[in-house]
Amino acid sequence: MNIAVDGPAGAGKSSIAKLVAKKLGIIYVDTGAMYRTLALGCHKNNIDVDDESSVSDAIRGFEIEIAYKDGVQNIFLNGENVSETIRQEEIGKKASSVARYSAVREKLVEMQREMAGKQSVIMDGRDIGTVVLPDAELKIYLTASVEVRADRRFKELKDKNVPADLEEIKKDIETRDYQDMNREVSPLKKADDAIEVDTSDMTIDEVVDKICSLYEKN
Ligand code: CDP
């Protein structure tokens, strides 16, 4: 039994999916981390992320591996654990750029389907309910207003002592939303059979309970 969670940046997908996975005893697969990892590889090798053919060539040499340690997803690029490095804002932006290319998506979607075929998962991303796992038993589309999402990202960065500017974060989120929703290949959109949950005025626990009860009813 698989759960697909999609939605824009900062809607709370990863915090919520992690907690749901723990509660239900299933695996959490963070697909954004995979796009970030390929973006990091391009960044390290000075590949221009706006040049589709260079990116498509370069990623053939990138080997991604995922391993779970105490239920936490760790991701490796050519053997190096990059789970922390990929969290930089700059890499998030580059991830959204490389995610436009079909060679990138094909490589990652195959890995994602393989993982979901082996065990029950809750997988989050942009195209999970529409493309990666169209037969998932439960599909959730998480949203929240841009203001709330920017505020959450700002607090997250502050907690990590990373300097941040709220207006800049808001602008970045809007740009990323636009790019993710308007690309040709697998754009972010709600699957017809997904349940939309607006988390703007909900606590994390409320959202987690809602998803768990929907799962149990299934
Ligand atoms: O955590 P955050 O919402 O900032 O982003 P993420 O989930 O780590 O994903 C980073 C970028 O990867 C997104 O902006 C998307 O462009 C891309 N992505 C995608 O295209 N498809 C997915 N299934 C997951 C991420």
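**View 1. Asp180 and its polar contact with the ligand.** In this predicted model, a polar side-chain atom of Asp180 lies 2.7 Å from an oxygen atom of the ligand. Such a polar contact is a pair of N or O atoms within 3.5 Å; within protein, one atom must be able to donate a hydrogen and the other to accept it, and residues adjacent in sequence count only if both atoms are side-chain atoms. Arg176 also places a polar side-chain atom 2.7 Å from a ligand oxygen, and for Arg36 the corresponding distance is 2.6 Å. Taken alone, the ligand exposes 530 Å², of which the protein buries 96%. Accessible areas come from the Shrake-Rupley method with a 1.4 Å probe; for residues, only the protein chains shown count as cover.

**View 2. The shell around the ligand.** The ligand is surrounded by 19 residues, each with a heavy atom within 4 Å of it. The closest are Arg36, Arg105, Asp127, Arg176 and Asp180. By class, the shell holds five nonpolar, five polar and nine charged residues; Ala, Val, Leu, Ile, Met, Phe, Trp, Tyr, Cys and Pro count as nonpolar, Asp, Glu, Lys and Arg as charged, and the others, Gly among them, as polar. Helix H2 (31–44), helix H4 (89–98) and helix H8 (166–182) each give two or more residues to this shell. The largest share, four residues, comes from H2. Helices (H or I, at least four residues) and strands (E, at least two) are DSSP runs, numbered from the N terminus.

**View 3. Helix H4 and its cover.** Seven of the 10 residues of H4 are buried, and the helix is thus mostly covered. Buried means under 20% relative accessible area, exposed over 50%, and partly exposed in between (1.4 Å probe, protein chains only). The buried residues are Ile91, Gly92, Lys94, Ala95, Ser96, Ser97 and Val98. Their cover includes H2, helix H3 (52–58), helix H5 (102–118) and H8, where contact means heavy atoms within 4.5 Å.

**View 4. The chain that holds these sites.** The secondary structure of the chain comes to nine helices and eight strands. Buried residues make up 50% of the 218 residues. Along its principal axes the C-alpha trace spans about 50 × 40 × 35 Å.

**Notes.** Residues are numbered from 1 along each chain as its sequence is written, and side-chain values use heavy atoms, with hydrogens and water left out. In this predicted model, local features need pLDDT of at least 70 and side-chain atom pairs count only at pLDDT 80 or more, while totals for chains, interfaces and linings use all residues.
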